[in-house]
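Could you walk me through this structure, in plain language? I'm new to it and would like to know how the pieces fit together.

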Amino acid sequence: MSYRWTVIKSIMKREARSSFFSLGLYIAATIACLVSAFIFNTYINTVEGNNIMVMASPLNTPLFYAVIVAALYAAISSSTALSREKDRGTLEVLFYGPVDHLSVILAKFFEDIISFLIIMLLVTIYFAYAAITTNLGFSITYLYAIILSIFIASCMSSFGLWLSSLTARIRTSILLLIVVMGGLLGLQFLQNYILTLKPENLSLSMVYIMGIVSNILRVIKWVSPFSYLTDGINAVALGSVSMYIENMIGAIIYTVVLLTATVYTLKWKGVRKL
Amino acid sequence: MRKTCCISALILIFVILSSAIGFSAETPKSKEVVYSLNVWDGKDYAAPFYPSAYDTIYVMADYENVYSVKETLVYYWPLTREYMADWDGLNKDVGETIEVLKGNEIIGTYKKVDYVFYYPKGYWGGGTQLFTGDKAKEKKKEYDQAVNKYWKEVEAYYQAYEKYNKEVEEFYQNIQEGKPAGKIPQEPAPPTAPTFYVTDISKAYVFSLPPGQYTIRTKDKNEEIIPGTVKNLIAFSHRREGIGYNIIPESKWTYPEVADDSSEIVYQYREGTLYFQPYKEWEFNELYYNKLSKPQSPGRSDRWIWVHMDPVSNVKLRIYSGDSIFSEIRNRPYYVEQVPGSALGYNIKLLDRKENPYGMADFSAFKFSVPPTGDYKLVTIDSKGDIIENSDRYIRPITVTDARNIFIASLGPLIIGLVIYIIRRVGR
């Protein structure tokens with residue numbers, strides 16, 4: 001076990017170092033901050049327009065979008081992690097050494113989480129600046145949301161790793177990720193949009209679409225990492241401790257299941273370049 | 001690959017068909033035994049009904065609620081996606097006794113009693129009260145007497161008015177004829193209708209329950225349980241009490257905001273004036289409270305909502321800046337004065353009773369002029385000088401007027417990344 005842990009640590013360090021010195025991580029953090037800046041700007045405009053705004057945790061909404069960006073980075077990074085090494089043939093070489101499937105996958109997984117934490121650190125510094133300058137202020141819910149976001153990132157990362165284990169080419173991995181994530185995210189937004197409409201104002205076709213979407217979502221609720229993200233943000237917004245803990249446990253189970261699936265898929269598909 | 005495609009297509013068809021089945025399954029108009037209630041919702045009595053599709057009744061604990069068991073025609077109305085009762089088609093009282101069980105033990109058996117609703121400020125005035133038994137009869141009698149008295153007064157008024165018309169005619173005729181006319185006749189004052197209203201006496205089961213989960217059922221004359229009347233019953237109470245605020249910004253006085261929870265922060269654009277109207281509020285479970293008045297409406301059991309009750313009186317608001325008291329404010333009447341001329345605009349002014357004793361206030365509230373900087377905490381102080389629990393709200397002026405710096409700062413991570421990247425490249 002300790003031997004495996006040494007292997008995980010050394011691969012993880014190498015990967016984390018590479019991520020730290022590459023621009024991708026900082027671009028993702030910048031996008032997250034930029035998206036948040038638009039929301040902060042909306043707040044300022046709202047207060048300016050109405051002269052008043054009443055809100056419980058104004059930082060939670062921008063944080064939600066920042067977490068989506070950071071978690072998507074983790075998903076993209078993990079989805080290419082295995083396929084890139086397979087494509088280059090380096091994964092096969094790695095396995096000539098004292099490395100097994102579990103060590104590689106855990107190392108990649110932890111490296112993604114470290115990258116995610118770096119992004120969230122930069123985002124938090126930015127949020128602190130924005131909160132102080134605007135006088136929006138920090139609340140304790142921000143801390144809860146940040147803690148929960150790590151579990152959400154682990155869902156996204158494990159999902160990305162599993163997709164990566166299915167393919168042997170970077171292009172296919174990214175394409176698969178875009179299609180799957182885009183589809184899941186699209187359904188989520190569609191449902192959120194439909195939920196804002198009053199049933200009596202819906203046309204029959206819209207009611208029909210709503211039924212289809214909610215039935216599909218009922219099925220994929222357990223598969224989509226975004227549903228854990230939405231539920232998590234809801235738990236923080238509602239201040240529901242039970243929902244918060246439930247979400248954390250759900251995210252851990254999801255991550256363990258997908259990482260296990262990734263190990264078996266990698267064993268089944270093999271580590272050689274096809 | 002082909003097999004996977006076939007399976008995917010089959011799943012898709014199944015999902016679409018299952019949705020279609022769900023929407024085409026309209027319930028026909030059917031005879032059902034339903035519970036029709038008048039439940040206290042904290043402010044007034046709501047009148048929900050429970051068709052057979054809904055097996056849990058929600059009521060507020062420790063308040064008397066009215067339960068009726070009816071046979072009616074129930075149909076599904078697809079436009080609002082809810083079950084409706086055709087009371088005009090069928091409205092038959094059924095059952096003799098209601099039993100309430102806690103687990104398997106019967107904790108209450110109730111017979112129908114006379115009841116009325118008393119509306120002290122008229123039907124739409126609020127403050128509805130429920131009276132049962134002899135008190136119901138007394139209230140009804142009181143109302144009937146008041147109405148009879150009013151009609152007698154109306155009759156007397158018409159007679160007096162007729163007499164008055166004749167006297168006026170005579171008065172002018174005497175003037176025209178140069179005779180002494182005497183005093184000008186006094187017009188009789190019209191009578192005032194009763195301001196309160198009492199419903200007709202009806203019969204129903206009226207009882208209150210302590211908080212808890214129960215089973216309710218109705219029995220007929222033969223002590224047999226009427227099919228379809230066994231339902232779960234949840235009697236719930238509020239979790240917390242507090243003070244909620246309606247906040248009227250000076251710049252948009254007709255668009256008040258609400259701050260119901262202590263976690264909510266009131267943001268004010270730089271300096272400005274806010275008018276606070278405090279209300280007593282109770283916090284309920286969202287699902288329970290929504291189901292209380294509309295059993296078919298959705299709600300979340302993990303969410304809590306504040307419900308405004310009555311405006312609070314004999315209180316003052318205290319503003320803190322840090323730990324020190326910044327100011328204490330009292331409730332005052334205000335009126336809105338339109339700016340003279342064609343230009344739009346208004347001023348909110350204090351209604352001074354000495355200067356303007358007959359003036360009408362547009363609203364009364366606690367005025368607080370928010371300074372341009374700093375953080376403030378507002379609390380409500382009761383008549384004893386104690387802070388009322390859950391009455392605190394933070395007030396923060398937004399200090400930024402230009403968001404450019406926020407956008408520029410968002411590029412910070414990219415700059416850090418570039419610096420690290422360049423250092424790394426140079427280091428190699």
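Let's start with one pair of residues: Met55(A) has Ile265(B), in β17(B), as its bridge partner. This is a predicted model, so keep that in mind as you look around. The pair belongs to a longer match between two strands, since β1(A) and β17(B) are joined by 4 bridges and run antiparallel. In general, the strands of a sheet pair through backbone hydrogen bonds, and they can do that in a parallel or an antiparallel way.

Now step back to see the sheet around that pair. It is an open sheet of 6 strands, and reading across it you get β1(A)-β17(B)-β26(B)-β25(B)-β20(B)-β21(B), with mixed pairing. At the edges stand β1 (52-55) of chain A and β21 (324-329) of chain B; each has a single partner strand, so one side of each has no neighbour in the sheet. From one strand to the next, the twist averages 25°. Further in, β25 (residues 376-381) and β26 (residues 393-398), both of chain B, run antiparallel and are joined by 3 bridges. If you want a spot to look at there, find Tyr376(B), which stands opposite Ile395(B) in β26(B).

What packs on this sheet? The helix α2(A) does, touching β1 of chain A as well as β17 (265-269) and β26 of chain B. The direction of α2(A) makes about 130° with that of β1(A).

That helix has another partner, too. Two packed helices are described by the angle between their axes and the distance between those axes. For helix α2 (residues 24-50) of chain A and helix α5 (residues 412-427) of chain B, the angle is about 165° and the axes are 7 Å apart. That makes α2(A) roughly antiparallel to α5(B), and their crossing is left-handed. On the α2(A) side, the contact is made by Leu25(A), Tyr26(A), Ile27(A), Ala29(A), Thr30(A) and Cys33(A), while α5(B) brings Gly412(B), Pro413(B), Leu414(B), Ile416(B) and Gly417(B). Sorted by class, the contact between α2(A) and α5(B) has 8 nonpolar residues, 3 polar ones and no charged ones.

Zoom out again, this time to the whole contact between the two chains. How many residues does each chain put into the contact? Chain A gives 43 residues and chain B gives 48. On the chain A side, the elements that give two or more residues are α2, β1, α5 (101-134), α8 (204-220) and α10 (241-269) of chain A. The helix you've already met, α2(A), gives the most to that side, with 15 residues. By class, the side of chain A that touches chain B has 28 nonpolar, 13 polar and 2 charged residues.

Let's take chain A by itself next. Its secondary structure comes to 10 helices and 1 strand, and along the sequence the pattern is α-α-β-α-α-α-α-α-α-α-α. The radius of gyration of chain A is 20 Å, close to the 19 Å that the globule rule gives for 274 residues, so chain A is as compact as a globular protein of that length. Taken along the principal axes, the C-alpha atoms of chain A fill a box of roughly 65 × 50 × 35 Å.

Inside chain A, have a look at helix α9 (residues 225-238) and α10(A), which pack at an angle of about 160° with their axes 8 Å apart. These two helices, α9(A) and α10(A), are therefore roughly antiparallel to each other, and α9(A) passes α10(A) in a left-handed crossing. Among the residues that meet there are Tyr228(A) and Asp231(A) in α9(A) and Met243(A) and Tyr244(A) in α10(A). The contact of α9(A) with α10(A) divides into 8 nonpolar, 4 polar and 1 charged residues.

Chain B comes to 5 helices and 26 strands. The radius of gyration of chain B is 32 Å, well over the 22 Å that the globule rule gives for 428 residues, so chain B is more spread out than a compact globule.

One last stop in chain B is an open sheet of 5 strands, in the order β4-β14-β13-β7-β8, with mixed pairing. Its edge strands are β4 (56-60) and β8 (105-111) of chain B, each pairing on one side only. Here β4(B) pairs with β14 (residues 231-236) of chain B in the parallel sense, over 5 bridges. Helix α3 (residues 286-293) of chain B lies across β4 and β14 of chain B, at about 95° to β4(B).

Definitions and conventions: Residues are numbered from 1 along each chain as its sequence is written. Chains are lettered from A and ligands numbered from 1 in the order in which they are written. This is a predicted model: local features need pLDDT of at least 70, side-chain atom pairs count only at pLDDT 80 or more; totals for chains, interfaces and linings use all residues. Axes are lines fitted to C-alpha atoms, for helices over the stretch in contact, and angles run from 0 to 180 degrees between N-to-C directions. Angles under 35 degrees count as roughly parallel, over 145 as roughly antiparallel, 65 to 115 as roughly perpendicular and the rest as oblique. A crossing is left-handed if the near helix is turned anticlockwise from the far one by less than a right angle, and right-handed if clockwise. Two residues are in contact if their C-beta atoms, placed from the backbone, lie within 7 Å. Ala, Val, Leu, Ile, Met, Phe, Trp, Tyr, Cys and Pro count as nonpolar, Asp, Glu, Lys and Arg as charged, and the others, Gly among them, as polar. Two strands pair if DSSP finds at least two bridges between them. The radius of gyration is taken over C-alpha atoms; the globule rule is 2.2 Å times the number of residues to the power 0.38.
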